[in-house]
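Visitor: I have a model to go through. Can you walk me through it?
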Amino acid sequence: MENGCGKAKIGPSILNSDLSDLTSECQRMMDSGADYLHLDVMDGQFVPNLTFGHPVVKCLRPKLPNVFLDMHMMVAKPEQWIEGMHDAGADQYTFHFEATDDPKTCIRKIKETGMKAGIGIKPNTPVEVLDPFVDLVDMVLIMTVRYLREHFSTVDIEVDGGVGPATIQECAEAGANMIVSGNAIMKSDNPRETIQYLRNVVEEAIQKSQLER
Ligand SMILES: O=C(CO)[C@H](O)[C@H](O)COP(=O)(O)O
């Protein structure tokens with residue numbers, strides 16, 4: 001996937017899909033115009049839920065050879081899955097600031113594999129905690145809407161959680177350019193139209209902010 005925080009990228013969250021038919025659901029999203037797929041990995045420790053791990057990514061990779069797989073690692077000790085996710089074919093590995101004592105080492109290990117590195121924060125964590133890492137990562141992931149682009153001017157900013165046509169304007173105006181959306185896209189009668197709408201709003205906000213600079 002093309003680099004750059006000046007570009008809108010829409011990533012359906014596949015956790016909200018029919019998981020018994022994952023490949024078709026992923027393909028349906030790509031055929032509807034998605035730029036990438038967002039995969040939430042939860043381990044029952046960092047968050048009280050269980051989803052899937054690198055064996056699932058390994059099965060998906062050959063079926064979706066050119067699709068950018070964005071792993072949102074909501075896991076404790078995120079260092080332990082870096083190699084496995086890379087070997088399985090993940091493209092980006094986003095861990096949580098709150099989940100490790102040593103974010104810099106985690107970022108370095110991710111980058112050494114060749115994957116892109118992202119760092120995320122939970123809704124109540126102040127965005128300033130990311131300042132020491134922002135020059136080291138490709139993306140920050142924010143699980144709520146706040147003032148974003150003034151703070152992180154050079155990296156991709158991804159928002160996740162409750163994002164859809166009703167909330168996209170606020171996210172776009174706050175500076176997000178990577179848009180994770182689960183139910184709003186997956187459950188839409190017309191996912192193509194929903195994706196296009198989200199993209200248009202983000203692109204307009206990017207253009208407006210470039211004119212104001
Ligand atoms: O982070 C997540 C879950 O914790 C997800 O990406 C979530 O599935 C997004 O779905 P929605 O857009 O419907 O809130």
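Guide: A residue class first: Ala, Val, Leu, Ile, Met, Phe, Trp, Tyr, Cys and Pro count as nonpolar, Asp, Glu, Lys and Arg as charged, and the others, Gly among them, as polar. The model is predicted: local features need pLDDT of at least 70, side-chain atom pairs count only at pLDDT 80 or more, and totals for chains, interfaces and linings use all residues. Numbering starts from 1 along each chain as its sequence is written.

Visitor: How do the residues of the shell around the ligand divide?
Guide: Into four nonpolar, eight polar and two charged. Being near a molecule means that the C-beta atom, placed from the backbone, lies within 6 Å of it.

Visitor: Which residues come nearest?
Guide: Ser-13, Leu-15, Gly-162, Gly-182 and Asn-183, of the 14 around the ligand.

Visitor: Which elements each supply at least two residues of that shell?
Guide: Strand 2 (37-42), strand 8 (178-181) and helix 6 (183-186). Helices (H or I, at least four residues) and strands (E, at least two) are DSSP runs, numbered from the N terminus.

Visitor: New topic. Which residues of helix 4 are buried?
Guide: Pro-103, Cys-106, Ile-107 and Ile-110. Buried means 20 or more other C-beta atoms within 10 Å of a residue's own, exposed 12 or fewer, and partly exposed in between, with C-beta atoms placed from the backbone.

Visitor: Why do they line one face?
Guide: Seen down the axis of helix 4, the buried residues fall within an arc of 100°, so they line one face. The arc is taken over directions from the helix axis to the C-beta atoms.

Visitor: What does the face turned away carry?
Guide: The exposed residues Lys-104, Thr-105, Arg-108 and Glu-112. Just after helix 4, Gly-114 has a positive phi of about 100°.
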